[in-house]
Amino acid sequence: MRRIQRLFHILAGAIALVSAGCDRNEAKPVVYLEVDSLTLAPDPSRGTSSAHVRSVWVESEGTYLGVYPLPARIPLPVSDPNATVRLYPGVEVNGISSFQAQYEFYGPYTRNLNSAYGQTVKWPAGGAAVLAYESWAQIVNVEDFESAGIQFAPTPRSDTVWNRTQSERFPAPAGESHNASGMVVLRPGQKIFEAITQQAYVLPKSGQSVYLEINYKSTMPFNIGVVANENGTSTQQTTVTFRDKREWSKAYINLVTEVSGFPGAVNYNLFLGAVRTNRDVADTLWIDNLKLVYR
């Protein structure tokens, strides 16, 4: 029995020595940051301020602190509770909720915490945090359905044409007004709608980001893509197919693959196409606020 007790004391002492030699790092104190949403500041020269920021990449004191879906309560293990924090906005690319990416064309939301450890800061206290496009961002307002002409011209394949609608137009963000949106109706006996921009655009290649922003709702699937115009030939490439969506939505369409995939192209047109899916009733597509955004 004594031998067993002695062995027990030896083991206990060894465990105590090992424990004493371990590095006991205490968790850093944190400041909690709450962010409900991020919106875009109105700027008439850059089109609508419609935005759909779904997540934020968080950075402070030169350290990346993770990505968080909005709304978020973010623990910040900063060395200074007054540290500067930057929130880089993230969006759904091509309308895919699982494909979130930083949207480089919106500048980060940057502020000092002005807090203390253990406290919770809400940005901003009275509503959504406001973003702005980066000053270097090139923005081309392709179509907002407010002018007399329509940039997207139906092709010979189309069974119908555009209508301007005021009854179901895109609901303008605060501080803005919209008179009309574009509407396409495919009735029984009509099958296809296809339109292409009358203007061709010179866009950056070599893997540089090119996005098309749109607002839409639809009772049928529709495609958006690029027509690459090389010397003597044009190639049409679909970028994304959207499913039916019964409420107005915002989409950020990444065109980099289709644009950079044709390095010899002189310029590019945009196209949109839809096919009626309901057999006995009409299908309808509503579009507004198309704009190209690139460096």
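Which residue in S18 stands opposite Ala-228? It is Thr-235. This is a predicted model, and that pair is a good way into its strands.

**The five-stranded sheet**

Ala-228 faces Thr-235 of S18. Strand S17 covers residues 222-230 and pairs with S18 in the antiparallel sense. Nine bridges hold that pairing. Both strands belong to an open sheet of five strands. The order is S12-S15-S20-S17-S18, with antiparallel pairing. At the edges are strand S12 (152-154) and strand S18 (233-242), each of which pairs on one side only. On average, neighbouring strands of this sheet are turned by 25° against each other, direction ignored.

**Two nonpolar cores**

The largest nonpolar core has 37 residues. Ile-214, Phe-222, Ile-287 and Leu-292 have the most contacts inside it. Eight strands are listed as supplying at least two residues each: S14 (181-186), S15 (192-197), S16 (210-218), S17, S18, S19 (245-254), S20 (267-275) and S21. S21 gives the largest share, five residues. In soluble globular proteins, nonpolar side chains tend to be buried together.

Phe-222 shows how the parts meet. Leaving out residues up to four places away in sequence, Phe-222 touches Ile-214 and Tyr-216. Val-240, Thr-241 and Phe-242 are also among its partners. So are Leu-272, Gly-273 and Ala-274. Leu-285 and Ile-287 complete the list.

Another core, of 35 residues, lies apart from the largest one. Among its members are Val-58, Val-85, Val-93 and Tyr-103.

**Three residues compared**

| Residue | Relative accessible area | State |
|---|---|---|
| Leu-203 | 5% | buried |
| Thr-284 | 12% | buried |
| Pro-44 | 81% | exposed |

Why does Leu-203 count as buried? Its relative accessible area is 5%, and the cut-off for buried is under 20%. Leu-203 sits in the loop between S15 and S16. Beyond its neighbours up to four places away in sequence, Leu-203 touches Val-210, Val-259, Tyr-268, Leu-292 and Tyr-294. Leu-203 and Asn-267 are 64 residues apart in sequence, yet 6.8 Å apart in space, C-alpha to C-alpha.

Thr-284 is found in strand S21 (residues 283-294). Its contacts, leaving aside neighbours within four places in sequence, include Met-183, Val-184 and Val-185. They also include Lys-217, Ser-218, Thr-219 and Met-220.

Pro-44 is exposed at 81%. It lies in the loop between strand S2 (38-40) and strand S3 (55-60). Pro-44 and Glu-176 are 132 residues apart in sequence and 8.5 Å apart in space, C-alpha to C-alpha.

**An alternating strand**

In strand S9 (residues 120-123), which side chains are buried? Val-121 and Trp-123 are, and they point to one face. Thr-120 and Lys-122 point to the other face and are not buried. S9 runs parallel to strand S1 (residues 31-35), joined by four bridges. Val-35 stands opposite Trp-123 of S9.

**The largest pocket**

The largest pocket has a volume of about 310 Å³. It is lined by 19 residues. Closest to its centre are Glu-92, Gly-95, Tyr-216, Phe-242 and Lys-245. S16, S18 and S19 each supply at least two residues of the lining. S19 contributes the largest share, four residues. Two of the central residues, Tyr-216 and Phe-242, also touch Phe-222.

Technical notes
Residues are numbered from 1 along each chain as its sequence is written. This is a predicted model: local features need pLDDT of at least 70, side-chain atom pairs count only at pLDDT 80 or more; totals for chains, interfaces and linings use all residues. Side-chain values use heavy atoms; hydrogens and water are left out. Two strands pair if DSSP finds at least two bridges between them. Axes are lines fitted to C-alpha atoms, for helices over the stretch in contact, and angles run from 0 to 180 degrees between N-to-C directions. Buried means under 20% relative accessible area, exposed over 50%, partly exposed in between (1.4 Å probe, protein chains only). Contact means heavy atoms within 4.5 Å. A nonpolar core is a set of buried Ala, Val, Leu, Ile, Met, Phe, Trp, Tyr and Cys residues joined through side-chain atoms within 4.5 Å. On a 1 Å grid over the protein atoms alone, a cavity is a set of points where a 1.4 Å probe fits but cannot get out, and a pocket is an open set with protein on both sides within 12 Å along at least five of seven lines; lining residues have an atom within 4 Å of a point. Grid points are joined across faces, edges and corners, and a volume is the space filled by probe spheres set on the points.
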